[in-house]
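Reader: Hi! Could you walk me through this one while I have it open on my screen?
Author: Happy to, let's bring it up.

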Amino acid sequence: MAKVVLPLEVARTFAAGETEHEFAARDVRELMRQLEQRFPGIRARLERGIAVAIDTEIYQDWFVEPIGPDSEVRFLPAIEGG
Amino acid sequence: MAKHHVSTTINGDPAEFLCDTQQTLLDCLRDELQMTGSKEGCASGDCGACSVMLNGRLVCACLVLGVEADGATIDTIEGVAQGDELHPLQKHFLDEAALQCGVCTPGFIVAAKALLEENPDPTETEVRYWLAGNLCRCTGYDKIIRAVMNAAAEMRGA
Amino acid sequence: MGNEENVGKIIDYSGRQFKQIGTRVVRPDGVEKVTGKANFGADFKANGMIYARTVRSPHAHAKIKKINVDKALKLKGVKAVVTGADFPEIDVNDKAVGEVVVSYYDMAHNTIARDKVYYDGHVVAAVAATSADIAEQAARLIEVEYEVLKPVMTAEAALKKNAPVLHKHLFTQGVEPKPDKPSNLAARSQFKLGDIEAGFGQADVVVERTYTTQTVHQGYIEPHACVASITADGMVNVWCSSQGQFMVRAYVAKICGIEISKVKVTPAEIGGGFGGKTVIYLEPLAVALAKKAGRPVKMVMTRDEVLRATGPTSGGSARVKLGAKRDGTIVAGDMELTYEAGAYPGSPVMLGCMTGFAPYDIKNINAVGWDVVVNRPKAAAYRAPGAPVAAFAVESAVDELAEQLGMDPLELRLKNAAVEGTQAPYGVKFGPIGYKETLEAAKNSPQWKAPLGPNQGRGIASGFWFNIGGTSSAEVMVNEDGTVIVATGNPDIGGSRASMALMAAEVLGIPYERIKPLVADTESVPYSMLTGGSRVTFATGKAVIEAAQDAVNDLRRRAAKIWDVDLEQVEWQDGQAVCIESDKHKPLTIANIAAKADKTGGAISGKANINATGAGPGFGTHICDVEVDPETGHVTVLRYTAIQDVGKAIHPSYVEGQLQGGAVQGIGWALNEEYVYSDDGRLLNTGFLDYRIPVASDLPMIDTVLVEVPNPGHPFGVRGVGETPIVPPLAAVANAVSHAIGKRCADLPLSPVRLLSIIDGK
Amino acid sequence: MSFGGNVSEIQFATPQTVKEAVKCLAGAKGRAKVLAGGTDLLVQLRAGMVRPALIVDIKHIPELSAVKREDGGFRVGAAVSGAELGANKAFRKAWPGVLEGLELIGSTQIQGRASLGGNLCNGSPAADSVPGLIAAGATCKIAGPKGTREAKVEDVVAGPGKTTLKPGEFVVSFFLPKRPKHAGDAYLRMIPRTEMDIAVVGAAVSLEFDAKGVCTDARVSLGAVAPKALLVKAAGKALVGSKLDDDALEAMAAACRAACNPIDDKRGTIEYRTKVAGVLAKRAARIALERAQA
């Protein structure tokens, strides 16, 4: 099971404030389906300016990035720059 | 009143243009003579991007009226290289990477050239104070100062 | 290298000795720039072009009751006037979903006000005429009737109970329960690691203080400028300087309500941006005026307009609390940031929360950020947006903590330094990073060991920036004579053409001089994300490398055809195709192969369209020595060293230049730059005379140390370098000044006036 | 501005003599502005702060552009640029403090244009060259429709942006008197950067000493601490009769602080300006002393 960490604000709105969850998903697309099932409406929120970090790698534009069985998946704000 | 007819010498060549009183020399160079090497960064003499020589003195073209150029001698960035032969300052700016965005570069080269004509062996402090009216936001000035010092050394034959 | 891996695969460059990467070549666009021939934003002309000027609000906060343009239109030479009513209304929820959330509604209203103005300098109308002077005079004839409202100029004022509310539709995001009334508090964000209470419970020493900074501007020397023209069949052409031609295209299309295919943007050379040109201001106005006038329209901002209405970055306050054990282990970090977003939501406060503690391995972190709207220009990105203010607070706190612990501030940083595997404040674990290496380099630097005189002080501070990747495209075209064009879609803001050409040269094995890098218009290369986030050398560089490899594969295919051998028998070595397993074929140079391109299948090229991931974070450490005049409060920067992990320096001179330039911008931020507003919200320092960016005589040489810990996410080990250098200097300077005067300086800028009052204890 | 018509035009004149210039100014249909170095006027024009009917360029008048010896002192044309005056070695030797003030106006580029006349007539309380001139006891020659007159420099400026010049009058030249043997002057200003700023405080001191090193005359002038540059007579008095010992200097500084009547603005506070006026006056006095002893 991959550990999935939601941003605090998103967790407050959709997951009763609980940021850490466990999912068994092969990739981000599947994870999104499962997240939406568990927390209806969360997907649309996560698609707005949220990046995905899988272990040490940050994906600003995520879609089907693979998730390992022991991966830590974190949703975090997308990063801009100067 | 019609526009002023201004006859002047720019980079050694005779030049003429028409202008209104309120047009600055910088406006005239850029808009009437299509010489856009001198840049406008502030129009108030605070940034030096429009540095030119007027009768042998370093000035900001944004603080000179175009009509004042009548009968004057003007030297601009466009006249610094001789054909395709770059001035030592230009070469050293390239070698030292003394430019990043490059918009302040023409002003720096014109101003530095004026310095080296007056003082061929300036100290670092002298270079910094002479160029204090030329703003650069990219480089932190370090490489610019080095380029000027190196060009000075080369020009002195050192 | 085995044959099979060599076919259509990424070449592994690890451990490779570079031939051209790391050399200090002359930049390809250099001669144009030192001779004044390069064309910047304001240098473009079109046939029949007319000139436009804006009408801007003198009020910080007002309702627009009426705009009368009749007198202006009657002036001879005036060709068109536009107001907010000439632009399509955009839904308040229309936001771009991508790397950054962009509210098109806010952007459109920031470009030209509709019913309300939100800051001094907000555009209310624009007028085009046959000369700049006529346009200027016409602008003065446009009568705007305002109902002046009370402005809120600071976060503190904006959050007061009965403060005037800027936006009726603005409800605080990120709080529960959802507010039922609009306010000036746009959003709350929070990042947590561990248990903050428990963390402080373990602490032997705690320091806590609130730090403040003022609004500052990017201060690029080139004002915003553009020319827009519209063809008879409605095609829009925009020529302008920006940090991204595709960004301009997207925003113009959106704000003007035009399909993207009908907008072409040609990038000019850009005279500095630092993030401030990642948004647009003039282009939609020029397009609308050009449409009305039927003539190309040129718009160039004055410096006054640049300072009043573009940029800046947020001023803000930062409360930081750090707890450490007696041995120096930092066990808890608490931070509360309040940033002023300007007229519309979107300060970089969240990035401040994410970055402030990033250099340290702290198990218990709580960082809360408040995004507050005020009647100042909408903040735009500025070099490591959000990070410098947070770092100023944290790095000052670390300095104070070192004092309290009786530890050397460098040793305290070394003890707590983040390393590979450390969990960043935003939760992600770092890959290979070189922060510790920058501290070691600082320790070994001549400056760190040099003695100090009376009234002098030394400060050290570190900083972090994420660096980003993103979508980039590149095309590598082999010409008939074997020279090469490398086209990308990213404006060259500080020498990136040189790094693109160097990377392509390295892959192709041909001399750098034979490669011409091209910054292409929006119709000549596929989409690329803008130049920003320290991404170009990393992400676009990666695209160039892949495109060059693609071209190499094409060249190998042609060689195989010429020799009539299998592709597997052709290897690419030092710019030549070599036939292995047979010496009957003499190696073919790129020129040899190019000469036969027509016979072997047409033009030879390579391309890559990528969304680059794997951007390696950047860490830097700066040392600053100052001398303070105790009677006047004047600070002289005596010596400065900037050290940074740069991954791999493609062109070391330009990497050093990034460190030096960032350090000096940070010095300006720390010492003398600030927006000064009157009580009624008018900006008082609207020129370079009183918005005091550092001048040459203010500074010493800026020494640099490039630490190279390769980033595994890039074939050559590149990390972005542009933004990190502005993060440490605020605290490096403030710590130095604090030590020089023996008092903690927590409010920037440390201008003589402020510093003297600190020295005198007032 | 005539709306429904053309934008108003600005006329331009280049008189060759003082007389012609007076005539030009008198004949202007609307507001006339005198152009010397233009470093203030062009900024105001561009910002739309002024749109005169006529601009009179006085640089073609020989008297305005000349530096001459007169009565053992100097007569300096009002339009002589900082770069030109700086090249005059005799002037630099006699009045280094006056030159310091002029040379601190802006950058090298500004020095190619900025003049004593322009700096004075712009009427800024912070004008860098004015305290030095006042401390020097300089006078200026003013030409106008009623002929020429001589005025003390401290009497020319009335307040921020305002002068006592009557309509049609302009400054032709400055006179700096002969220097006795043991004399020196100095100007210091406080700016946040090292260059390119407007003075937050400026202080000029001109001193004369007898052969024994006792101060016989002292004039102290402060800039940017009042609506116009001040001649602080009490500060001068505090030095006369002393050898510039610490007590005399502190008494002078106290007189300077007492004379300050500054404002809080974007460049400084009342408190800061007042304190630093004393600091700079002391430092300038020490430099002037050194120069007098040299």
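Reader: Among contacts in chain C between residues at least 6 apart in sequence, what percentage join residues at least 24 apart?
Author: That comes to 80%. Keep in mind that this is a predicted model.

Reader: Thanks! And how many helices and strands does chain C have?
Author: Chain C has 21 helices and 28 strands.

Reader: Why is chain C called as compact as a globular protein of that length?
Author: Its radius of gyration is 27 Å, close to the 27 Å that the globule rule gives for 762 residues, so chain C is as compact as a globular protein of that length. Along the principal axes, the C-alpha trace of chain C spans about 85 × 75 × 55 Å.

Reader: What share of chain C is buried?
Author: Buried residues account for 64% of the 762 residues in chain C.

Reader: Switching to the contact between chains C and B: how many residues does each chain put in?
Author: Chain C gives 44 residues and chain B gives 44 residues.

Reader: Which helix supplies the largest share of the chain C side?
Author: That is α19(C), with eight residues. Both α1 (30-34) and α19 (652-671) of chain C supply at least two residues of the side touching chain B.

Reader: And what is that side like by class?
Author: The side of chain C that touches chain B has 21 nonpolar, 16 polar and seven charged residues.

Reader: Now backbone oddities. Which residues does a cis peptide bond join in chain C?
Author: One such bond joins E176(C) and P177(C), with omega about -5°. P177(C) sits in the loop between α5 (155-158) and β9 (185-193) of chain C. A cis peptide bond also joins L748(C) and P749(C), where omega is about 0°. P749(C) belongs to the loop between α20 (729-741) and α21 (752-759) of chain C. For background, most peptide bonds are trans.

Reader: What about phi, say at A16(A)?
Author: A16(A) is not a glycine, yet its phi is positive, about 55°. You'll find A16(A) in the loop between α1 (8-14) and β2 (20-23) of chain A.

Reader: Is A16(A) buried or exposed?
Author: A16(A) counts as exposed, because it has 8 C-beta neighbours inside 10 Å and the cut-off for exposed is 12 or fewer.

Reader: And Y141(B), buried or exposed?
Author: Y141(B) counts as buried, because it has 30 C-beta neighbours inside 10 Å. Y141(B) also has a positive phi, about 75°, without being a glycine, and lies in the loop between α4 (124-130) and α5 (142-156) of chain B.

Conventions. Residues numbered from 1 in each chain as written. Chains lettered and ligands numbered in written order. Predicted model: local features only at pLDDT ≥ 70, side-chain atom pairs only at ≥ 80, totals over all residues. Contact = placed C-beta atoms within 7 Å. Helix = DSSP H or I, 4+ residues; strand = E, 2+ residues; numbered from the N terminus. Nonpolar A, V, L, I, M, F, W, Y, C, P; charged D, E, K, R; others polar. Rg over C-alpha atoms; globule rule 2.2 N^0.38 Å. Buried ≥ 20, exposed ≤ 12 C-beta atoms within 10 Å, placed from the backbone.
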